[in-house]
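Me: I've got a structure to get my head around, and I'd like to go through it bit by bit. Can you help me out?

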Number of protein chains: 2
Amino acid sequence: MVTLAEVARHAGVSASTVSYVLSGKRSISAPTRERVEHSIKELGYHPNAGARALASSRSNILALMVPLRTVYVPVMMEIAIAVATTARSHGYDVLLLTGEEGPAAVRRVTGSGLADAMIVMDVELEDERLPLLHAARQPTVLIGLPADTVGLTCVDLDFTATGALCAEHLAELGHREIAVVGEAAAVYERHTGFAERTLEGLRRRAGELGVRLLHRPCEGSYESMDGTLSRIFDERPGTTGFVVQNEAAIDPLLSLLRRQGRAVPEDVSVVAVCPEQVATQASVRLTSVAIPAEEMGRRAVELAVAKLAGQPLEEQVTLLAPELTVRASSGPAPGTS
Amino acid sequence: MVTLAEVARHAGVSASTVSYVLSGKRSISAPTRERVEHSIKELGYHPNAGARALASSRSNILALMVPLRTVYVPVMMEIAIAVATTARSHGYDVLLLTGEEGPAAVRRVTGSGLADAMIVMDVELEDERLPLLHAARQPTVLIGLPADTVGLTCVDLDFTATGALCAEHLAELGHREIAVVGEAAAVYERHTGFAERTLEGLRRRAGELGVRLLHRPCEGSYESMDGTLSRIFDERPGTTGFVVQNEAAIDPLLSLLRRQGRAVPEDVSVVAVCPEQVATQASVRLTSVAIPAEEMGRRAVELAVAKLAGQPLEEQVTLLAPELTVRASSGPAPGTS
DNA sequence: TTGTAGGCGTTATCAT
DNA sequence: ATGATAACGCCTACAA
């Protein structure tokens, strides 16, 4: 293994000079710099990560905690990829932690100095990792909002506004009875913020606009969607608008509506909360509020990097404004002039 | 930050004793061990990762290179999660690298000693990272097969056998004209091994069994599936069997067949190559060959760990045997007694 | 602009 | 069974 010292010898300079050429923390004369850079190339030198971490107490690693359970959801992967690529562009690598270990993972990573900062996905309202994250000397950025955000840096889509936006869109089209196909029951039981906040936004705005709202959780399989749909139409036969939040439920919903002879958007309108890709690849191009996964991942890294640079953060909570894109799945309520 | 030295002082022993209590590399008397462990708890000591890596030249980190392009595919995510959890159970953390950087990432990680071993997903037949991986001092495990596997450790589903199995199943049911809905054209252009090998297995076995085979790549959107389907039936109106390899094409295919009035499995049979979850959650429970994502990830880690332990590996290439599960999407060809 | 030297926290070799 | 004490490779005041 080539060391800094060997490079220094080869270039005829001292070790510190090589170090400074690498870090750029002091000015180096052009000829010296060239000699050193040439030696680095020629010897194929790569700084040793461990030594660097020890001496500088910086690992140049960002830890990313991903949820274990909900992870097959493409959104999570998209965020993870965005985190990884953005991190690289700032000189950081990403350590992948699964939620499996729970708080222990936080202890391990913060305690060992393995990572310089943590990004935590899928935060629950009363997340058991929060106390540890508060106590850690590494900065943390949450993707998602816990109940209490005091002293925390968070990034998330503004799901309350998202819910409101969906309600508004359908109300404007004349729909008076809206059904919400929600996330799986387990998601609500875990008190994941986004699901509850979306619902709250929907309810409030629907109330303001005089629209009736019915919410039903849904697992996302054809069977469960079938049952959910029956119960919805049993209870509210006049339902003409749907808001779907569960990605997995989208295809089943469209498919079942078609099978029941309900045309989209002539008979019923559907608005989805999902990534763009899902909305445009469904059997009907969906009117949707995009989940800006890439942006969330990117912003989280940028905030983490800013914190590491010691920049005081102006906003502690970054809520991304939702944008609703009208596509082919929503139209005027039946009987509307 | 609490250091080993502080623990030693607190426990009234030398630093090396504490180190050995932690590593278990030499026997420690019960009382001493207890004192040390007590001090560790009381002071909240955590070994410093950088120092450890420097002194032992082991980072206890496994690098995982995930593909950038095809990554939103659930299979990839599942593998990644399996890698992360298995790695943890062996005391390793996982560094997430995206294919974006290409060979440079390999250089960086191997050169810096950031990771003790690498696991590379989505290997192409002539992968440009292979030469570097060969030269690296860290062991590597590939998920997927390149053209030349000499000196490499690889894990993959036996896709050739998978193709053969699909052909057999349909042939046994009396189907004489089979269409293969393949991966997106880009996948073949990149010379990804699994796609070509599946096709090869299909073609060979179909040939042996006197079954006609038509292969068409497919992007996975409804539009492209629609076009693909038309062309298939134009060219081979007698097609009664389908093999789908592109996860994204499954829902569109089923949906379009239904719309065309072709019943599954009465008129046409469909066999998919996909994760179990996808097969059981589709609108028709699919006869399928499972892609054992979890097992692939797990095996890859186990192989990497074995290599790190210096165990000579008996098998360099691990091909997992495919298993076909018959569900509701395949049945006798129409007109078969 | 460049060199010198001490220290970062662990591991592991030699002693005892 | 335990202790001293070199490394490990790099960073960064402090000097020159």
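Me: How do the residues of the surface near DNA strand C divide into nonpolar, polar and charged?
Reply: Sure, and keep in mind that this is a predicted model. There are 27 residues around DNA strand C. They divide into 11 nonpolar, 12 polar and four charged.

Me: Which residues come nearest to DNA strand C?
Reply: Both protein chains have residues in that list. Chain A has Ser27(A) and Thr32(A) among the nearest. The others named are from chain B: Leu4(B), Tyr20(B) and Tyr45(B).

Me: How much of the part of DNA strand C within 4 Å of the protein is sugar and phosphate?
Reply: Count the atoms of DNA strand C that come within 4 Å of the protein. Sugar and phosphate account for a share of 55%.

Me: How far is a polar side-chain atom of Thr32(A) from a phosphate oxygen of DNA strand C?
Reply: Some other pairs first. From chain B, an N or O atom in the side chain of Tyr45(B) is 2.6 Å from a phosphate oxygen of this strand, and a polar backbone atom of Asn48(B) is 3.2 Å from a phosphate oxygen. For the side chain of Thr32(A), the distance is 2.2 Å.

Me: Which helix gives the most to the surface near DNA strand C?
Reply: H2 and H4 of chain A and H2 and H4 of chain B each supply at least two residues there. The one that gives the most supplies four residues, and that's H4(B).

Me: OK, on to the other strand. Which residues come nearest to DNA strand D?
Reply: Here there are 26 residues around the strand, and they divide into 11 nonpolar, 11 polar and four charged. From chain A, the nearest include Leu4(A) and Tyr45(A). Chain B adds Thr17(B), Ser27(B) and Thr32(B).

Me: Which part of DNA strand D does the polar side-chain atom of Ser16(B) lie 3.2 Å from?
Reply: Let's compare it with two residues of chain A. A backbone N or O atom of Leu4(A) lies 2.4 Å from a phosphate oxygen of DNA strand D, and a polar side-chain atom of Ser19(A) lies 3.0 Å from a phosphate oxygen too. For Ser16(B), the partner is a base nitrogen.

Me: Which helices each supply at least two residues of the surface near DNA strand D?
Reply: Look at both chains again. In chain A they are helix H2 (15–23) and helix H4 (49–56). In chain B they are helix H2 (15–23) and helix H4 (49–56).

Me: Which residue caps the N-terminal end of H4(A)?
Reply: Start at the far end of this helix: just after H4(A), Ser57(A) takes a positive phi of about 45°. At the N-terminal end, a side-chain oxygen lies 2.9 Å from the backbone nitrogen of Gly50(A). That oxygen belongs to the cap, Asn48(A).

Me: How much of residues 2–56 of chain A is helix?
Reply: UniProt, in an unreviewed entry, annotates this stretch as "domain: HTH lacI-type". Its end C-alpha atoms are 20 Å apart. Strand makes up 0% of it, and helix 71%.

Me: Which strands stand at the edges of the six-stranded sheet in chain B?
Reply: The sheet is open, with mixed pairing, and its order is E7-E6-E8-E9-E10-E12. An edge strand has a single partner strand, so one side of it is left without a neighbour in the sheet. In chain B those are strand E7 (212–216) and strand E12 (324–325).

Me: In which sense do E6 and E8 of chain B pair?
Reply: Strand E6 covers residues 177–181 and strand E8 covers residues 241–244. As one spot along the pair, Ile178(B) stands opposite Gly241(B) in E8(B). The two strands have four bridges, and the sense is parallel.

Me: What angle does helix H12 of chain B make with E9(B)?
Reply: This helix, residues 247–259, packs on the sheet and touches E6, E8 and strand E9 (269–274). Helix H10 (residues 193–208) lies across E6, E7 and E8 of chain B, at about 160° to E7(B). For H12 and E9(B), the angle is about 165°.

Me: Which residue does a cis peptide bond join to Val264(A)?
Reply: The omega of this bond is about 10°. The partner lies in the loop between helix H12 (247–259) and strand E9 (269–274) of chain A. In chain B, the peptide bond from Val264(B) to Pro265(B) is cis, with omega near 10°. In chain A, the partner is Pro265(A).

Definitions and conventions: Residues numbered from 1 in each chain as written. Chains lettered and ligands numbered in written order. Predicted model: local features only at pLDDT ≥ 70, side-chain atom pairs only at ≥ 80, totals over all residues. Heavy atoms only, no water. Near = heavy atom within 4 Å. Polar contact = N/O pair within 3.5 Å; in protein donor to acceptor, adjacent residues only side chain to side chain. Nonpolar A, V, L, I, M, F, W, Y, C, P; charged D, E, K, R; others polar. UniProt positions renumbered as here; feature names shortened; annotations may be inferred. Pairing = 2+ DSSP bridges. Contact = heavy atoms within 4.5 Å. Axes fitted to C-alpha atoms, helices over the stretch in contact; angles between N-to-C directions.
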